Amino acid sequence: MKQLGLLPRIILAIALGILIGSFSPEGAIRLFATFNSLFGNFLGFAIPLIIIGFIAPGIGTMGKGAGKLLGITTGFAYASTIAAGTAAYFAAVSLYPALLKNQSLKEFGNPEEALAAPFFQVDMPPVMGVMTALLLAFTIGLGLAGLKSNALQDVMDDFRTIIEMLIEKIIIPLLPFHIFGIFANMTHGGQVGSIISVFAKVFIMIIALHFLFLLLQYTAAGAAARKNPFYLLKSMLPAYFTALGTQSSASTIPVTLKQVKKLGAREKTADFAVPLLATIHLSGSTITLVSCSIAVLMLQGEAVSFGQMFPFIMMLGITMIAAPGVPGGAVMAALGLLESMLGFNGTMTALMIALYLAQDSFGTACNVTGDGAITILADKASGKKAVPLKNEAKAV
């Protein structure tokens, strides 16, 4: 299992959950539900720690960055993330009524009644609420940015490392078992057909949105730098496919940096912007999170309005700073917002995680590829001339 990537493990967990859930007795399903209950409660306990561990040191590090270029790059990254989430919202509300017609999990509004109950439960109350954690993270992060001393920043960086280990060593390895239990339970309850159908439809729409948004990003970058956007996009394909395999923006930084420099961005700009964007620019992940969250809400029979989703999108753009360079990091960082702003319960959260992780590779690839466009825009806006590309017309 350890030799398999996260995506194959998720697919295997879903398949085994459907298979075993179709014939397992009630006692076995309750055993799976007990694990899900324990893991779900632990996840709830960890969410405030994840928020503080990633947002606070992230803001603190950014605040001590290189002035004008930092502001420009961050501004473009945030605008790109908000635009991606907004585009995903309008695509979802336009297409989902037809794609998800006659599909509902409204009866799962109270999971304890609709799904098999666990044998026992263990309360794991978080140390603070989600909004308290967000406010504390922003307060500490802004304070770190203003301090001349690095002592507290080093402490917060170490705390972030601990949380990264928690995600990499405990949460991510156990997620396939959690998803296995959810699908086994839903199969036992006769609802798995709707879920699989939703997976396929939402997956196709998300991938299409990724490519359309990348085209939009590189059209803007090409116009700003007076270069062919299709050549720019083609030049970033090595980074796209590397991210597709690693599922990590951080792991793809060397390839991204090499390709971005080939796009014509000045070396100093690329060296600064690419590692920063690998942390704060997650347009592909935002498209996925918004699309999947709306799908889950609609499955619950809940109305979704722009007034409800836009504040969530804006907060998501900030919270993406908290997404570590590990597979599944973005959805882990977003769980607090899903619960506090969209009212997700345990079952909805599990479905959201499964939907997100099923396409995490493509979201990461979109993030990384978009970093090239943002770097060009930042390089142009900062007053630096881009390096002309050789044989650009011939390569298209």
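So, burial first: of the 396 residues in the protein chain, 53% are buried. Keep in mind that this is a predicted model. On the surface side, the accessible area of the chain is about 16,200 Å², and carbon and sulfur atoms account for 67% of that.

What about secondary structure? The chain has 17 helices and 0 strands. As for how the chain folds back on itself, take the contacts between residues at least 6 apart in sequence: 85% of those join residues at least 24 apart.

Okay, the inside. The largest nonpolar core holds 80 residues. Which of them touch the most other members? That would be Ile171, Leu289, Val290, Met309, Met332 and Ile353. The element that gives the most to this core is helix 2, residues 26-63, with 12 residues. Apart from that core there's another one, of 30 residues, and Met236, Val260, Leu277 and Leu377 are among them.

Let me zoom in on Val290 for a second. If you skip everything up to four places away in sequence, Val290 touches Gly85, Ala88 and Tyr89, and also Met309, Phe312, Ile313 and Leu316. Met309 is on the list of residues touching the most other core members, just like Val290 itself.

Now, helix packing. Two packed helices get described by the angle between their axes and the distance between those axes. The pair I picked is helix 12, residues 283-299, and helix 16, residues 360-381. Their axes sit 6 Å apart, at an angle of about 140°. Why do we call that oblique? Roughly antiparallel needs an angle over 145 degrees, and about 140° doesn't get there, so helix 12 and helix 16 count as oblique to each other.

Who makes the contact? From helix 12 you have Ser283, Gly284 and Ser285, and from helix 16 you have Gly363, Cys366 and Asn367. By type, that's 1 nonpolar, 5 polar and no charged.

Last stop, Asn41, which is back in helix 2. Is Asn41 buried or partly exposed? Its relative accessibility is 25%, and since buried means under 20% and exposed means over 50%, Asn41 lands in the partly exposed class. Leaving out neighbours within four places in sequence, Asn41 is in contact with Val122 and Met124. And if you look at Pro126, which is 85 residues away from Asn41 along the chain, the two C-alpha atoms are separated by 8.9 Å.

That's what I had; happy to pull any of these up on screen.

Notes
Residues are numbered from 1 along each chain as its sequence is written. This is a predicted model: local features need pLDDT of at least 70, side-chain atom pairs count only at pLDDT 80 or more; totals for chains, interfaces and linings use all residues. Side-chain values use heavy atoms; hydrogens and water are left out. Axes are lines fitted to C-alpha atoms, for helices over the stretch in contact, and angles run from 0 to 180 degrees between N-to-C directions. Helices (H or I, at least four residues) and strands (E, at least two) are DSSP runs, numbered from the N terminus. Angles under 35 degrees count as roughly parallel, over 145 as roughly antiparallel, 65 to 115 as roughly perpendicular and the rest as oblique. Contact means heavy atoms within 4.5 Å. Ala, Val, Leu, Ile, Met, Phe, Trp, Tyr, Cys and Pro count as nonpolar, Asp, Glu, Lys and Arg as charged, and the others, Gly among them, as polar. Buried means under 20% relative accessible area, exposed over 50%, partly exposed in between (1.4 Å probe, protein chains only). Accessible areas come from the Shrake-Rupley method with a 1.4 Å probe; for residues, only the protein chains shown count as cover. A nonpolar core is a set of buried Ala, Val, Leu, Ile, Met, Phe, Trp, Tyr and Cys residues joined through side-chain atoms within 4.5 Å.
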